[in-house]
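Colleague: Could you walk me through some of the labels you put on this one? I'd like to hear the reasoning behind them.

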Amino acid sequence: MSDAAALPATDAAAPPWQRLHPATLALAIVQLGPRTLNFVPALAAIGIAGKWAYVAPVLLIFLLTSLVFAWLRWLRFRFLVSADEIVIESGVLSRQHRTIPFDRIQDVGIEQGLIARALGIAKVGLETGAGGGKENDAALNAIGLDAAETLRATIRAHRSIPAVAAAADAPEAAPAEDRLLFAMGPRRLLIAGLFNFSLAALAIVGAAMQFFDGLLPFDFNVFNPVDWIDLAEDYGLDSWLIAHRWIAGVGAAISLLSIGFASGIATMFFANWNFRLTREPRALRRTRGLTTRTDVAVPVRRVQAAILVTGWLRQRFGWHELRLQSLASDGEKEKDHQIIPFGTLAEIDPVLAEVAIDRPAPGGPWSHSHRIIALGGFVGAACAAIAGSVTVAVGEPIGWLAVAAAVLIALFAALSTRFHQWLDAGDRIAIRSGFWKPKTILLPHASVQSVDLKTDFILRPLGLATLVFGVPGGSALGAHEIPAIPIAIATDLRARILGRGAQP
C-alpha cells in the first residue's frame, strides 16, 4: 500500500488510508547507531560502578525498546490523499489528526539520502507557508519514490487549475511545460571546486592524524616542517642548506594546497552533483546532490530579492553565484535559495528574468557611501598597532606581527569604501558591497515592507544616515542596508519606496 500512487479519489467512496514504506523500520535501525553513542555515558557510569555484567543487558534493552517504539510509530502513522487535501494521523501515546488542503501547500519537496536511494524511497516535505517556522510544515518521512512524485504532481495539478481558468484573461499564458534553465555537469563541478578552495578539512585531517598517530606504521606529519626536514636528511639533502629548507616549505605548501583543492572539489561534487534548475508553471525547481538528493521548488511569486555573490578571483574569470531570497526558506541553516552555485552572468540573466528582477545596465550612475564607513576598521587597526607596539616595547619581537596586521586592516578598510555602492533603478534598489567577496543585492521596491532611517553621533554631524530595509524571508548573507548616505537623499528614497508600496 505504501508504494501505491497517491492519486485522488475519482468517485464518492472514501480514499484508502496509506502507511509509510516498511523501509522506515530499516532507517530506524540505521539511526540507532548515533543514538547508541548518546547512551555510552550511561553505560560507562554502570561500568565505573563495577556493574560490568549489566552493561550488555542494558544496551540490549535499550536497542529493543528503541526498535519497538519505531515499529509503533510506523504502525500508528497513516495518511490519506483525497481530491483536494491530505490528512495525517500520528502519535503513539497521544494522537494528532491534521488536515492540509492542497491550496495551503506552497511546495512539495522530495529528499533522498544515500540509504533511501538504495531502498527506492524518499522523504516528502509539505511546506504550508504558515507562520511559526518548520513546526507548521508536515512531512512523510518514507514513501515510495514513484508515490512521492505522483503526490507532488497531484498537488501541482490541483493548484494549477485557477491559473488555467484565468489564462484566457491573461495577456500571456504561463509556460505549459517545464524548461531547463541551468545545469551543472562534471566539468563545471570540477572548475567550481577549484575555485571553492577551502581549508575547512585541515582541522579534521590534523585531528585524525593526531588520533591515529600511534596506530600508523609510520611517523610522519605532513603539517610539521620538522618531518619534512628529516625526510630531506634521509635522502642526503642535509648538506644542501638551501634545498633542505626549500623541501620543508614546499612540502608543507603542497600539502595545504592539496587539502584545500580536494576539500573544495569534494564539497562541490557531493552538494551539487547532477544539478538541474527547471522552470515550472509557478516555480523554479532545483534538484541536486550525490549522497543526499534534494528536490525543492521556489514559487516565483514568493521571491523577494536576488543576491549575486562572487569572489575576488572568481570575478576575474566571470564566475558568480545566484541566490534568491524567498518567503520559503531553504532549510534551517540556509535561508536563501542557492539557484545557481557557479555560473556566468549570461547564464544568470535568464533566471533573473523568470522572477522579474533584472540587473542594472553596466555603467549606471552608481552612488558611493561616505568614507566614514571605514572608521570601524581604522579603530581596529589602531588598537592592533598599540597592542603590538606595547609588546615590542617589553622585548617581544612577535609584536611586529600585530603592527603589520594593523597596516593591512587599515588598508582593507580604506579600500572597502570604494566598493560600497548603491543605485536606484526606478522599481528596484541595487546595493553593492565587499572587496574580497563582492556581493550585489537586487531589491524590488514592492518587496520592501519597512525602511528604517538610522543616524548616530558620528553620522549626524556629517549630515548622513543609514537606510535599513525590512524584507520578508530573511537573508543569511546579512541585512540589506545602504550605509552613510546624505540624509536628504535617504529621506527622499525612503519616501518614494514606501509611497510605491502603499499604491494599490
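Modeller: Sure, and let's begin with helix H13 (residues 487–502), where Arg496 and Asp492 are four residues apart and therefore separated by about one helical turn. Keep in mind that this is a predicted model.

Colleague: What makes Arg496 and Asp492 a salt bridge?

Modeller: The closest N and O atoms of Arg496 and Asp492 are 3.1 Å apart. The rule asks for a side-chain nitrogen of Lys or Arg within 4 Å of a carboxyl oxygen of Asp or Glu, so the pair qualifies.

Colleague: And why does Arg496 count as partly exposed?

Modeller: Its relative accessibility is 39%. Buried means under 20% and exposed over 50%, so a value in between gets the label partly exposed. Asp492, at 42%, counts as partly exposed too.

Colleague: How do you know that Arg179 and Glu354 link distant parts of the chain?

Modeller: Arg179 sits in strand E7 (residues 179–184) and Glu354 in helix H10 (residues 345–354), 175 residues apart. Their side chains meet in a salt bridge at 3.0 Å, N to O, and the cut-off is 4 Å. Arg179 has a relative accessible area of 34%, so it's partly exposed.

Colleague: What does the salt bridge of Asp349 with Arg359 tie together?

Modeller: Asp349 lies in helix H10, while Arg359 is in the loop between H10 and strand E14 (367–368), so the bridge ties together parts that are ten residues apart in sequence. The closest N and O atoms of Asp349 and Arg359 are 2.7 Å apart. Both ends are partly exposed: Asp349 has 29% relative accessible area and Arg359 has 28%.

Colleague: How many salt bridges does the count come to by this rule?

Modeller: The count comes to 13. There's also a network of salt bridges that links Arg152, Glu280, Arg285 and Asp295.

Colleague: Now the helices. Why are H11 and H12 called roughly antiparallel?

Modeller: Helix H11 (residues 375–393) and helix H12 (residues 399–416) pack at about 165 degrees, with their axes 7 Å apart. Angles over 145 degrees count as roughly antiparallel, so H11 and H12 get that label. The crossing of H11 past H12 is left-handed.

Colleague: Which residues make the contact?

Modeller: On H11 they include Phe378, Ala381 and Gly388, and on H12 Trp400, Val403 and Ile409 are among them. The residues of this contact divide into 13 nonpolar, five polar and no charged.

Definitions and conventions. Residues are numbered from 1 along each chain as its sequence is written. This is a predicted model: local features need pLDDT of at least 70, side-chain atom pairs count only at pLDDT 80 or more; totals for chains, interfaces and linings use all residues. Side-chain values use heavy atoms; hydrogens and water are left out. Axes are lines fitted to C-alpha atoms, for helices over the stretch in contact, and angles run from 0 to 180 degrees between N-to-C directions. Helices (H or I, at least four residues) and strands (E, at least two) are DSSP runs, numbered from the N terminus. Angles under 35 degrees count as roughly parallel, over 145 as roughly antiparallel, 65 to 115 as roughly perpendicular and the rest as oblique. A crossing is left-handed if the near helix is turned anticlockwise from the far one by less than a right angle, and right-handed if clockwise. Contact means heavy atoms within 4.5 Å. Ala, Val, Leu, Ile, Met, Phe, Trp, Tyr, Cys and Pro count as nonpolar, Asp, Glu, Lys and Arg as charged, and the others, Gly among them, as polar. Buried means under 20% relative accessible area, exposed over 50%, partly exposed in between (1.4 Å probe, protein chains only).
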